[in-house]
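Please find below a few notes on charged pairs and on one surface patch. They are meant to be read beside the coordinates.

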Amino acid sequence: MAEMGSKGVTAGKIASNVQKKLTRAQEKVLQKLGKADETKDEQFEQCVQNFNKQLTEGTRLQKDLRTYLASVKAMHEASKKLNECLQEVYEPDWPGRDEANKIAENNDLLWMDYHQKLVDQALLTMDTYLGQFPDIKSRIAKRGRKLVDYDSARHHYESLQTAKKKDEVKIAKAEEELIKAQKVFEEMNVDLQEELPSLWNSRVGFYVNTFQSIAGLEENFHREMSKLNQSLNDVLVSLEKQQGSNTFTVKAQPSDNAPAKGNKSPSPPPDGSPAATPEIRVNHEPEPASGATPGATIPKSPSQLRKGPPVPPPPKHTPSKEVKQEQILSLFDDAFVPEISVTTPSQPAEASEVIGGAQEPGETAASEAASSSLPAVVVETFSATVNGAVEGSSGTGRLDLPPGFMFKVQAQHDYTATDTDELQLKAGDVVLVIPFQNPEEQDEGWLMGVKESDWNQHKELEKCRGVFPENFTERVQ
């Protein structure tokens with residue numbers, strides 16, 4: 001029975017709510033059609049407009065404040081990474097290392113303190129300020145519904161009084177409902193009439209306090225950060241003075257994988273017998289600095305890289321008896337290109353027959369020695385290519401090469417591009433090196449070029465060219 005009673009109450013409440021909604025909808029339709037008058041309060045409507053404007057402004061301020069805090073956090077992370085980088089590159093024997101590390105720690109703490117104070121004194125206050133709007137907005141909507149109920153009860157009571165046949169019972173009941181609706185509406189209306197103007201006026205003090213807090217925190221933060229920056233500057237100035245006085249010695253880094261240097265132009269046998277095909281090893285490792293430990297090599301990676309490409313893995317140094325075209329051409333000086341005649345394997349070629357025709361009386365003895373050491377079979381194999389290069393060297397360059405072509409390099413390792421202006425390289429790719437349009441844009445350790453395969457396919461320099469790390473390649477021509 002209790003369940004039935006509970007269900008009956010619930011069903012009755014639902015029916016009552018449905019009836020109220022229907023009555024309100026009917027009343028609104030009549031008001032819009034002009035068949036029923038509507039109770040209006042212009043002063044209250046102005047308060048509602050101010051409330052909506054204040055809510056919009058507060059919501060925008062909250063959103064922008066959260067964006068500001070996110071930016072502060074991002075800047076904190078960037079500053080932290082920058083200081084970590086400084087700590088890594090700062091050598092242990094350099095003066096001021098401990099001071100630099102302490103400055104980095106204080107820098108991190110200062111960013112954290114600034115962010116936390118912004119949250120406590122600005123964001124939380126902002127959230128509290130906006131927290132009062134949802135309740136008031138709900139009460140404004142409820143007041144609007146109660147006003148419709150009041151107008152509907154008033155119209156119903158008036159219609160019963162003006163009816164030809166008056167029913168005193170219905171009129172009394174309608175009057176009772178009107179009084180009840182009026183009382184509920186007026187209670188909510190009075191409360192909102194007092195709260196809305198007060199809320200509207202409170203925005204001035206809130207804005208003042210919020211922006212004063214942000215400005216004060218930011219001023220204090222920059223003042224303390226300026227002190228840390230000045231301290232770091234003093235440490236670096238001291239380091240620069242020590243370096244300027246040659247206190248630190250730059251030492252070459254030893255390399256266990258450094259290949260042995262081979263002779264680029266072997267001399268003929270002492271007994272005068274014909275020279276066999278030489279085993280040529282081309283070594284592009286730079287010579288060690290004077291005073292460096294024998295066997296030590298200077299690292300391939302440049303000291304100041306444009307985008308910081310990774311140092312390539314050491315190449316495998318497997319001796320090969322095959323003589324490549326690029327290795328043969330590298331034996332000659334860039335300023336001297338011999339004219340090589342074609343011979344057949346059955347015709348032994350003397351050094352004078354192969355390259356003697358291109359020599360002038362003023363040529364050096366080193367050029368003659370290098371030229372005479374080439375076997376006839378090797379000269380025959382690559383003579384066409386060399387002659388083509390000689391013919392193309394006059395004038396502005398060969399027509400099948402990009403404008404400004406300087407030399408060729410071959411990728412020794414794979415390189416993954418990290419930016420849109422970089423070339424993606426695979427080991428074995430041949431790149432045609434060209435000059436930078438603006439020489440000032442060239443960073444140490446980087447070259448500008450276009451992959452030979454892309455150039456042969458498109459012939460469009462703008463689409464194909466890009467920069468690449470020099471230490472991933474080896475010059476072949």
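1. A salt bridge here is a side-chain nitrogen of Lys or Arg within 4 Å of a carboxyl oxygen of Asp or Glu. The model is predicted, and by this rule it contains eleven salt bridges.

2. Glu195 and Arg139 make one such pair, with their closest N and O atoms 2.8 Å apart. Glu195 belongs to helix H5 (residues 168-244) and Arg139 to helix H4, so this contact ties together parts that are 56 residues apart in sequence.

3. Arg139 also meets Asp135 in a salt bridge, at 3.8 Å from N to O. Both residues sit in helix H4 (residues 133-161), four residues apart, or about one turn of the helix.

4. As for exposure, Arg139 is partly exposed, with a relative accessible area of 22%. Asp135 is partly exposed at 46%, and Glu195 is partly exposed at 30%.

5. Another salt bridge joins Glu460 to Lys463, where the closest N and O atoms are 3.2 Å apart. Glu460 counts as partly exposed at 36% relative accessibility, whereas Lys463 is exposed at 68%. Returning to the earlier residues, salt bridges that share partners join Asp135, Arg139 and Glu195 into one network.

6. Which residues form a nonpolar patch on the surface? Ile14, Val18 and Leu22 do, with about 280 Å² of accessible area together. Leu22 lies in helix H1 (residues 2-33). Leu22 is classed as exposed because its relative accessible area is 54%, and the cut-off for that class is over 50%.

Key: Residues numbered from 1 in each chain as written. Predicted model: local features only at pLDDT ≥ 70, side-chain atom pairs only at ≥ 80, totals over all residues. Heavy atoms only, no water. Patch = residues over 30% accessible without salt bridge, like charges linked within 9 Å, V, L, I, M, F, W, Y side chains within 5 Å. Areas by Shrake-Rupley, 256 points an atom, 1.4 Å probe, with all protein chains shown as cover. Helix = DSSP H or I, 4+ residues; strand = E, 2+ residues; numbered from the N terminus. Buried < 20%, exposed > 50% of the residue type's maximum accessible area, 1.4 Å probe, protein only.
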